[in-house]
Amino acid sequence: MTPEQLPETAAGELLTLQRAAFLAEARAHHDLDLPPLLETLEQVRAVFADPAVTVWGLRDGSRIVAAVRLRVHGDAAQIGRLAVAPDRQCEGLGTALLLAAEAAAPAAVRTFRLTTGEFSAGPLRLYARNGYRETHRTPEGVHELVHLEKVRVRARS
Ligand SMILES: CC(C)(COP(=O)(O)OP(=O)(O)OC[C@H]1O[C@@H](n2cnc3c(N)ncnc32)[C@H](O)[C@@H]1OP(=O)(O)O)[C@@H](O)C(=O)NCCC(=O)NCCS
């Protein structure tokens, strides 16, 4: 599977994937109102129309099995909504897509930032394994949002 930039026509399938994947996080945080679960189809479509955002995905045949968003702002990029279909987790797809989105970021990007919930044990392990370090926490409803950052390492030319 090769990471590909997803088109706006994938918005509906993307939302379905997102809702299925983030349900486990909602249970872990005892909070069904997580932003990825509340996002509407119109909001997902608007993301595709935003020139600062690229949406990357992995397809198995025609089916989207993983997706992630990258929002570039100056020399930083915010990574969000990393999601893998529940039946395809723990195959390395989430890690592969995260690293592919980082690699595809414009050369000006020096720092990657992302957030995850304090009880998201799997994602926290995945991000730590891939070089992300906690910077701070902020309150998010009944739990805390963990803010993580990774400084980009340039390949030697
Ligand atoms: C978080 C998430 C994106 C990870 O995706 P994933 O494809 O399952 O991640 P990976 O397979 O790369 O890594 C996860 C585990 O699989 C293991 N793994 C990696 N490659 C593997 C392979 N080829 N075969 C078997 N296991 C593998 C890893 O060791 C890792 O184990 P651990 O984290 O329990 O120690 C996915 O679980 C998900 O969609 N979760 C819900 C949404 C969410 O929480 N997103 C992030 C919020 S910021």
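The following exchange concerns the ligand site, the largest pocket and the largest cavity of a predicted model.

Me: On what basis are residues and atoms counted here?
Reply: Because the model is predicted, local features need pLDDT of at least 70 and side-chain atom pairs count only at pLDDT 80 or more, whereas totals for chains, interfaces and linings use all residues. Residues are numbered from 1 along each chain as its sequence is written, and side-chain values use heavy atoms, with hydrogens and water left out.

Me: What makes a residue count as near the ligand, and which come nearest?
Reply: One of its heavy atoms must lie within 4 Å of the ligand; there are 20 residues around the ligand, and Leu82, Cys90, Gly92, Gly94 and Thr95 come nearest.

Me: Why is the pair between the ligand and Leu82 called a polar contact?
Reply: A polar contact is a pair of N or O atoms within 3.5 Å, and a ligand nitrogen lies 2.7 Å from a polar backbone atom of Leu82, so the pair qualifies. By the same cut-off, a ligand oxygen at 3.4 Å from a side-chain N or O atom of Gln89 qualifies, as does a ligand oxygen at 3.2 Å from a side-chain N or O atom of Arg129. The protein covers 71% of the 930 Å² of accessible area (Shrake-Rupley method, 1.4 Å probe) that the ligand has on its own.

Me: Why is the space taken by the ligand called a pocket?
Reply: On a 1 Å grid over the protein atoms alone, a pocket is an open set of points with protein on both sides within 12 Å along at least five of seven lines, and a molecule sits in a pocket if more than half of its atoms lie within 2 Å of its grid points. The space taken by the ligand is the largest pocket, which holds about 1200 Å³. Its lining, meaning residues with an atom within 4 Å of a point, comprises 45 residues, of which Phe22, Leu82, Thr116, Pro123 and Tyr127 lie nearest the centre.

Me: Which elements give the largest share of the ligand shell and of the pocket lining?
Reply: Helix 5 gives five residues, the largest share of the shell, while strand 4 gives seven, the largest share of the pocket lining.

Me: What makes the enclosed space a cavity?
Reply: A cavity is a set of points where a 1.4 Å probe fits but cannot get out, and the structure holds one such space of 30 Å³ or more. The largest cavity has a volume of about 40 Å³, and among its lining residues are Leu14, Val55, Arg69 and Ala83. Helix 1, strand 3 and strand 4 each give two or more residues to this lining.

Definitions and conventions
A polar contact is a pair of N or O atoms within 3.5 Å; within protein, one must be able to donate a hydrogen and the other to accept it, and residues adjacent in sequence count only if both atoms are side-chain atoms. Helices (H or I, at least four residues) and strands (E, at least two) are DSSP runs, numbered from the N terminus. Grid points are joined across faces, edges and corners, and a volume is the space filled by probe spheres set on the points.
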